[in-house]
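Biologist: Could you take a close look at one helix for me and then walk me outward from there to the rest of the fold? Keep it relaxed, but don't skip the details.

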Amino acid sequence: ICSGHTIGYSTVKRAINRWKKEHGHREVYILQDPEPGCRAEFDWGKVDLCIGGQWGKYSMATMVLNNSLYRFTRLYPRETLLEIITAHIAFFQTINGVPKTIFYDNMRAVIDPSTKEWNSRFLQFAVHYGFEPHVCNVKSPHEKGTDEQTVGYIRRAVFSERNTFSSLEEANEYLVKNVEEINAKPAYRRKYTPHVGLEHERDTLGALPTMEFSNYLARPAQISKYSLVLFESNYYSVPDAYRGKYLTLKIFPDRLDLADGDQVITSHKRQFGKGGYSLDISHYLKTLRRKPGALQHSKVFHQLNASIQQLFQHHYRNNPKEFLPILLLIKESSMEDLLSAIRKLEEHQLVPTYDTLKCVIAHKDFQTPESSSYPEEVRINEPNLSVFDGLIGGL
């Protein structure tokens with residue numbers, strides 16, 4: 001209440017904002033002209049894609065060299081520190097060098113917004129590659145405007161015509177190809193195309209380190225009675241020949257290594273989401289030799305290729321123990337080789353066995369059964385007995 005009048009908070013707020021516009025300081029941006037190899041910018045963007053028949057939001061890591069406007073992008077399922085470092089390494093390898101400074105938003109993965117302290121792991125990475133990280137002021141995206149504009153530009157230029165892919169790998173291949181075409185075109189306020197401009201910047205970039213940076217996280221895990229380990233609500237199989245009850249998970253952006261000390265026992269492609277299973281049938285063969293009846297209705301069997309399941313149902317359902325050596329061929333060669341061998345034998349109407357499949361995979365000739373059909377009539381000429389009588393008489 002002021003001088004008998006009631007004033008609302010929103011009214012005062014609007015009056016103050018109006019006064020600031022009329023009497024406050026006019027914000028002015030300072031046009032930058034960075035030296036070659038001096039500065040790069042990093043940012044995330046979201047893009048809606050249909051991957052494998054399912055729509056979802058995917059993260060697009062974008063980096064740009066300010067001097068040449070050379071652009072770099074990659075797609076990831078998430079925006080953790082692992083993906084950030086992976087994108088940086090791929091960028092450095094692409095340009096064959098390291099810029100002196102890289103600017104970022106106030107992203108929690110690399111810096112604590114409240115304390116302004118850098119993530120210790122990220123600082124180790126920056127020291128390893130020899131660049132100096134900088135962060136923009138809060139609510140000041142114009143300080144990193146080149147990359148801010150790049151994210152939207154690439155999203156429109158690349159994914160406006162196509163947004164459906166069979167896998168994330170295919171989407172990344174499509175993205176890389178289109179960004180290369182963008183880098184080959186003239187750029188705004190640049191004398192050269194980004195491709196040519198990058199060649200002028202190479203001499204001023206820092207050299208790549210000789211040792212690779214180990215971009216993974218490690219944590220202990222317990223093996224369940226189903227020979228599985230749990231990570232982020234997804235399950236991964238462990239070879240049943242491994243006798244320990246605990247192991248170490250080495251967590252990479254795209255895979256999971258299960259290790260005993262420095263020895264990697266097995267690797268899995270990382271599952272994203274919840275309740276997923278990454279199962280390897282070869283991890284259970286030792287147990288299945290003792291319990292062959294458990295194969296038919298097992299989850300690991302149902303994750304096999306449909307052709308292998310049909311082979312079992314048609315020829316080995318009543319004798320699963322004879323089927324187990326065939327599964328060994330997946331580990332001894334590959335799934336693709338095994339499926340190809342099965343098709344070749346079935347084309348010759350032969351039942352695929354371990355021995356015949358192994359011969360086909362090794363590119364050895366195998367004999368097809370000869371036809372057992374005979375003429376319906378067998379004609380024998382009448383013997384000439386006079387010839388026999390002449391031979392007797394001659395004696």
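Modeller: Let's settle one term before anything else: a residue counts as buried when its relative accessible area is under 20%, worked out with a 1.4 Å probe on protein chains only. Also keep in mind that this is a predicted model.

With that in hand, here's the helix, α9, which covers residues 306–316. Its buried residues are I308, Q309, L311, F312 and Y316. Looking down the axis of α9, you'd find these buried residues within an arc of 155°, so they line one face of the helix. What do they pack against? The partners are three other helices: α8 (299–302), α10 (320–332) and α11 (335–347). At the N-terminal end, N305 does the capping, with a side-chain oxygen 2.8 Å from the backbone nitrogen of S307.

Two of those buried residues turn up again in a wider grouping. L311 and Y316 belong to a nonpolar core of 29 residues, which also has L324 and I361 among its members. As a rule of thumb, nonpolar side chains in soluble globular proteins tend to be buried together.

That core lies apart from the largest one, so to speak the other half of the story. The largest nonpolar core has 32 residues, and F42, F125 and F131 are the ones touching the most other members. Who supplies it? At least two residues each come from β1 (39–51), β2, β3 (71–76), α2 (81–95), β4 (101–104) and α3 (120–129). The largest share is from α2, with eight residues. Take F131 as a sample: skipping neighbours within four places in sequence, it is in contact with H88, F92, V98, P99, K100, I102, Y104, F122, F125 and A126.

Strand β2 (residues 54–65) also holds a polar residue worth a stop, S59. S59 is buried, at a relative accessible area of 1%. Its side chain makes a polar contact of 3.0 Å with the side chain of E79. Beyond its neighbours within four places in sequence, S59 is in contact with W44, G45, K46, R74, L75, Y76, R78 and E79.

Now for some sheet. Four strands make an open sheet, ordered β7-β10-β11-β12, with antiparallel pairing. The edges are β7 (217–222) and β12 (263–269), each of which pairs on one side only. From one strand to the next, the twist averages 30°. Inside that sheet, β10 (residues 246–251) and β11 (residues 255–260) pair in the antiparallel sense over four bridges, and K250 has D257 in β11 as its bridge partner.

There's a hairpin to mention too. β8 (residues 228–231) and β9 (residues 234–237) pair in the antiparallel sense, again over four bridges, and L228 stands opposite S237 in β9. Two residues sit between the strands of this hairpin, and E232 in the turn has a positive phi of about 50°.

Zooming right out, the protein chain has 13 helices and 13 strands. Of its 395 residues, 38% are buried. Among contacts in the chain with a separation of 6 or more, 60% are between residues 24 or more positions apart.

How values were computed: Residues numbered from 1 in each chain as written. Predicted model: local features only at pLDDT ≥ 70, side-chain atom pairs only at ≥ 80, totals over all residues. Heavy atoms only, no water. Pairing = 2+ DSSP bridges. Axes fitted to C-alpha atoms, helices over the stretch in contact; angles between N-to-C directions. Buried < 20%, exposed > 50% of the residue type's maximum accessible area, 1.4 Å probe, protein only. Polar contact = N/O pair within 3.5 Å; in protein donor to acceptor, adjacent residues only side chain to side chain. Contact = heavy atoms within 4.5 Å. Arc of directions from axis to C-beta. Core = buried A, V, L, I, M, F, W, Y, C linked by side-chain atoms within 4.5 Å.
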